[in-house]
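The following exercises concern a single protein model. Please work through each task with the sequence and structure at hand before reading its solution.

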Amino acid sequence: PARPAAQAPAPAAPAAPAAQAAAPVSALDAPAPVAPAQDMGQLTLVVGTGVTLSWPDPTTRAAIADDTVGALHVVSRRELLVNATKLGRTTVYVWFSNGRRLLYRLVVTPNFDAARAALRDLDPAISLDPGSDENSVVLRGQVAGESIARQARLLAEQLLPRVGTKGDAMRVINLLRYASGY
């Protein structure tokens, strides 16, 4: 009997490479670099108060680093309410639809109104500012002499609100200057 003719073996499929090489990424495919947030400076609020922030451009989101120090409430895509809830410092971030980002350094202080008014009566050149933490304040300015500087410190110590769970006195850092010394 006749045998069928032998057929040539089918060509082998090319072997798959063990690992595919990554396709080169063009500059158009790379993610755009993110610009740093624009620092809008310090936003100082008295505990229990709030402020609205407004912009002409619509925002896409907002965030606060420590939500125990402050709270954010979206009024609209162009307006944000920031409430000061507890003494401390934190950062508020705002993102816009055009890619721009802002940051505000939020400082929440006790109410210094009584102390500031008394210090202003003593010498209008005296300023009372929050210290580096929620337990301190800084007296600054140029006064007539050492006795005014001492009086200012005593007034501040007596009129500043108590802070913390124990009602501790705030630390007064006296940087008042006068002619005969610091």
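**Exercise 1.** Determine whether L103 counts as buried or exposed in this predicted model.

*Solution.* Step 1: A residue counts as buried when its relative accessible area is under 20%. Step 2: The relative accessibility of L103 is 16%. Step 3: L103 therefore counts as buried. Step 4: To place the residue, note that L103 is found in strand β7.

**Exercise 2.** Identify the residues that L103 touches, leaving out those up to four places away in sequence.

*Solution.* Step 1: L103 touches A37, Q38, D39, M40 and G41, and also T91, V92 and Y93. Step 2: Consider Q38 in particular; Q38 and L103 are 65 residues apart along the chain, while their C-alpha atoms are separated by 6.1 Å.

**Exercise 3.** Carry out a similar analysis for T109, stating its element, its burial and its contacts.

*Solution.* Step 1: T109 belongs to strand β7, which comprises residues 101-109. Step 2: Its relative accessibility is 6%, so T109 counts as buried. Step 3: Beyond neighbours within four places in sequence, T109 is in contact with T44, L45, V46, V47, L87 and P130.

**Exercise 4.** Describe the open sheet that contains β2, β5 and β4, and explain which strands stand at its edges.

*Solution.* Step 1: Three strands form this sheet in the order β2-β5-β4, and their pairing is antiparallel. Step 2: β2 (50-54) and β4 (70-76) each have a single partner strand, so they stand at the edges and one side of each has no neighbour in the sheet. Step 3: On average, neighbouring strands of the sheet are turned by 25° against each other, direction ignored. Step 4: The antiparallel pairing of β2 with β5 (residues 79-84) runs over five bridges. Step 5: As an example of a bridge partner, G50 has N83 in β5.

**Exercise 5.** State how many residues the largest nonpolar core has, and which elements give two or more residues to it.

*Solution.* Step 1: The largest nonpolar core has 19 residues. Step 2: Two or more residues come from each of α1 (113-122), β9 (136-142), α2 (146-159) and β10 (171-177). Step 3: α2 gives the most, with four residues. Step 4: Apart from this core lies another, of 16 residues, including L43, V69, V82 and V92. Step 5: Return to the largest core, where V137 is one of the residues with the most contacts inside it. Step 6: Among the residues that V137 touches, not counting those up to four places away in sequence, are F112, L128, L160 and I173.

Key. Residues numbered from 1 in each chain as written. Predicted model: local features only at pLDDT ≥ 70, side-chain atom pairs only at ≥ 80, totals over all residues. Heavy atoms only, no water. Buried < 20%, exposed > 50% of the residue type's maximum accessible area, 1.4 Å probe, protein only. Contact = heavy atoms within 4.5 Å. Core = buried A, V, L, I, M, F, W, Y, C linked by side-chain atoms within 4.5 Å. Pairing = 2+ DSSP bridges. Axes fitted to C-alpha atoms, helices over the stretch in contact; angles between N-to-C directions.
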